[in-house]
Amino acid sequence: MAGARGIKSHVALFRPLLSSCACHRAHQAKKKDKIMTMDPKEITYDMVNKKLKEVLMTRGKKGTDKQEQVEMLHYLSTVAKGQAQRFELLGQLVSSLFDLNPTMATHLKTSLWKKCVIHLLEMVKLLEDNPHIKVDDTIEMLSEDRAEQPAEGSEVR
């Protein structure tokens, strides 16, 4: 028992050093993103668009937490303003789920594959229910700076 108590005292000695470490402070300070703590009613179309662009700009960069990006995209898809924005977010979410696979040489984990299928089926349902939403892969997503939700029923690409 004396050994266990000795380890606890050593941990207590190093705790102040750990808390002064910049990387530890950054990890501790890393809280949920502001948009995730807001009331969903306060979140606007433009806020969702900006956060989506922010996530996409960091995608693939070294040090980016892929799981965190997936969680953010999933959250954004739940607070999307309009079906077209939700469709766009679901597409990016599916793509990000594939990023969680460590290598292209192996198959996707079954749990991830099921999530992808669920989101793809949601996308198909959105397209069936909203014929004004058109899928066009020739349009550059980040070049489209729409600050407001398109009018209900207007064609959206």
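The following exercises, with worked solutions, concern a predicted model of a protein structure.

**Exercise 1. Determine which residues have the most contacts inside the largest nonpolar core, and which helices supply the core.**

Step 1. The largest nonpolar core contains 25 residues, and those with the most contacts inside it are I43, L76 and L89.

Step 2. At least two residues of this core come from each of α4 (45-58), α5 (66-79), α6 (83-99) and α7 (110-129).

Step 3. The surroundings of I43 may be examined in detail. Leaving aside residues up to four places away in sequence, I43 touches I35, M38, V48, Y75, V79 and K81.

Step 4. A general principle applies here: in soluble globular proteins, nonpolar side chains tend to be buried together.

**Exercise 2. Compare the span of α5 with the expected span, and state what its buried residues pack against.**

Step 1. Helix α5 has 14 residues, which at 1.5 Å a residue should span 20 Å. The end C-alpha atoms of α5 are 20 Å apart, so the two values agree.

Step 2. The buried residues of α5 are Q69, V70, M72, L73, Y75, L76, S77 and V79. These residues pack against α3 (34-37), α4 and α6.

Step 3. The N-terminal end of α5 is capped by D65, of which a side-chain oxygen lies 3.1 Å from the backbone nitrogen of Q67.

**Exercise 3. Establish where the buried residues of α7 lie around its axis.**

Step 1. The buried residues of α7 are L112, C116, H119, M123 and L126.

Step 2. These residues cover an arc of only 80° around the axis, and therefore lie on the same side of α7.

Step 3. The exposed residues T110, K114, L121 and E128 are on the other side of α7.

Step 4. The buried residues of α7 pack against α5 and α6.

**Exercise 4. Describe the salt bridges K51 to E54, D99 to R59 and R86 to E122.**

Step 1. The whole structure holds six salt bridges.

Step 2. The side chains of K51 and E54 form a salt bridge at 2.8 Å, N to O. Because K51 and E54 are three residues apart in helix α4, about one helical turn separates them. K51 is buried, with a relative accessible area of 9%, whereas E54 is partly exposed at 44%. A network of salt bridges links D33, K51 and E54.

Step 3. D99 and R59 meet in a salt bridge of 2.5 Å, N to O. D99 lies in helix α6 and R59 in the loop between α4 and α5, so the pair ties together parts that are 40 residues apart in sequence.

Step 4. R86 and E122 meet in a salt bridge of 2.3 Å, N to O. This pair links distant parts of the chain, with R86 in helix α6 and E122 in helix α7, 36 residues apart.

Definitions and conventions: Residues numbered from 1 in each chain as written. Predicted model: local features only at pLDDT ≥ 70, side-chain atom pairs only at ≥ 80, totals over all residues. Heavy atoms only, no water. Core = buried A, V, L, I, M, F, W, Y, C linked by side-chain atoms within 4.5 Å. Buried < 20%, exposed > 50% of the residue type's maximum accessible area, 1.4 Å probe, protein only. Helix = DSSP H or I, 4+ residues; strand = E, 2+ residues; numbered from the N terminus. Contact = heavy atoms within 4.5 Å. Expected span 1.5 Å × (residues − 1). Polar contact = N/O pair within 3.5 Å; in protein donor to acceptor, adjacent residues only side chain to side chain. Arc of directions from axis to C-beta. Salt bridge = Lys/Arg side-chain N within 4 Å of Asp/Glu carboxyl O.
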